[in-house]
Amino acid sequence: GVLDFGDSIRSCTVFDVGIAAAYYSLAQEDPLRVFGEVLRGYLRSASLTEPELAAFFHVAYGRVLLSACFSAQSCAAEPDNEYLAHTGDPGWVVLSKLRCVTPEDALARFRRVQAETSSK
């Protein structure tokens, strides 16, 4: 058989940086700032297209939401397993802090980060 690795170099890299930002935001005072700083670090060595930049907030926020929901489901199934709650409570706190942030406001902030990073 022949393996074609041509498609393996094409992926949605925004998911990698968004997921990293989501987990770094747990237990932080300002999750949106953390998203921006993770993005800044990423942009120092790579780039995102405008659609990817627009998706970044949704990816990071969505990962926090997914982790919190999975934690709640797992804790309900195994209430004595304390490990399963490790992202649940911090995740709900992050979501609460981000509830008033619009995708448009987040994108404006991330565009500033991108502009600052590209000017260096």
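**Exercise 1. Place Pro31: is Pro31 buried or exposed, and what does Pro31 touch?**

Solution.
Step 1. Pro31 has a relative accessibility of 2%, so Pro31 counts as buried. The cut-off for buried is under 20%. The structure is a predicted model.
Step 2. Locate the residue. Pro31 sits in helix H2.
Step 3. List the contacts, leaving out residues up to four places away in sequence. Pro31 touches Ser25, Val94, Lys97 and Leu98.
Step 4. Take one of these partners, Lys97. Lys97 is 66 residues from Pro31 along the chain, yet their C-alpha atoms are separated by 7.3 Å.

**Exercise 2. Describe the fold of the chain by its elements and its contacts.**

Solution.
Step 1. Count the elements. The chain has five helices and zero strands.
Step 2. Read them in order from the N terminus: α-α-α-α-α.
Step 3. Check burial. Of the 120 residues, 32% count as buried.
Step 4. Check contact range. Take the contacts with a separation of 6 or more: 73% of them join residues 24 or more positions apart.

**Exercise 3. Map the largest nonpolar core: which residues touch the most other members, and which elements give two or more residues?**

Solution.
Step 1. Start with the membership. The core holds 26 residues.
Step 2. Pick out the hubs. Leu32, Phe35, Leu39, Phe56, Phe57 and Phe110 touch the most other members.
Step 3. Assign the core to elements. Two or more residues come from each of helix H1 (13–25), helix H2 (31–43), helix H3 (50–77), helix H4 (88–98) and helix H5 (103–118).
Step 4. Find the top contributor. H3 gives the most, with seven residues.
Step 5. Set this against the general trend. In soluble globular proteins, nonpolar side chains tend to be buried together.

**Exercise 4. List what Phe35 touches, then classify the Phe35 and Phe56 ring pair.**

Solution.
Step 1. Leave out residues up to four places away in sequence. Phe35 then touches Ala21, Ala22, Ser25, Phe56, Phe57, Ala60, Tyr61, Leu98 and Phe110.
Step 2. Count the aromatic pairs. There are four.
Step 3. Take the geometry of Phe35 and Phe56. Their ring centres are 6.4 Å apart and their planes stand at 75 degrees. Planes over 60 degrees apart count as edge-to-face, and the pair is edge-to-face.
Step 4. Place the two rings. Phe35 is in helix H2 and Phe56 is in helix H3, 21 residues apart, so to speak a link between distant parts of the chain.
Step 5. Check burial. Phe35 and Phe56 are both buried.**Exercise 5. Explain why the Phe57 and Tyr61 pair is tilted, and compare the burial of the two residues.**

Solution.
Step 1. The ring centres lie 5.7 Å apart and the planes are at 40 degrees, so the pair is tilted.
Step 2. Both residues lie in helix H3, four residues apart, about one turn of the helix.
Step 3. Phe57 has a relative accessible area of 6% and is buried. Tyr61 has 26% and is partly exposed.
Step 4. Widen the view. Phe35, Phe56, Phe57, Tyr61 and Phe110 form one aromatic cluster.

**Exercise 6. Characterise the packing of H2 on H5.**

Solution.
Step 1. The axes of H2 and H5 come within 9 Å and cross at roughly 35 degrees.
Step 2. The crossing is right-handed.
Step 3. H2 contributes Leu32, Arg33, Phe35, Gly36, Leu39, Arg40 and Leu43 to the contact. H5 contributes Ala106, Arg109, Phe110, Val113, Gln114, Glu116 and Thr117.
Step 4. Sort these residues by type: seven are nonpolar, three polar and four charged.

How values were computed: Residues numbered from 1 in each chain as written. Predicted model: local features only at pLDDT ≥ 70, side-chain atom pairs only at ≥ 80, totals over all residues. Heavy atoms only, no water. Core = buried A, V, L, I, M, F, W, Y, C linked by side-chain atoms within 4.5 Å. Buried < 20%, exposed > 50% of the residue type's maximum accessible area, 1.4 Å probe, protein only. Contact = heavy atoms within 4.5 Å. Phe/Tyr/Trp six-rings, centres within 6.5 Å; stacked < 30°, edge-to-face > 60°. Axes fitted to C-alpha atoms, helices over the stretch in contact; angles between N-to-C directions. Left-handed = near helix turned anticlockwise from the far one by under 90°. Nonpolar A, V, L, I, M, F, W, Y, C, P; charged D, E, K, R; others polar.
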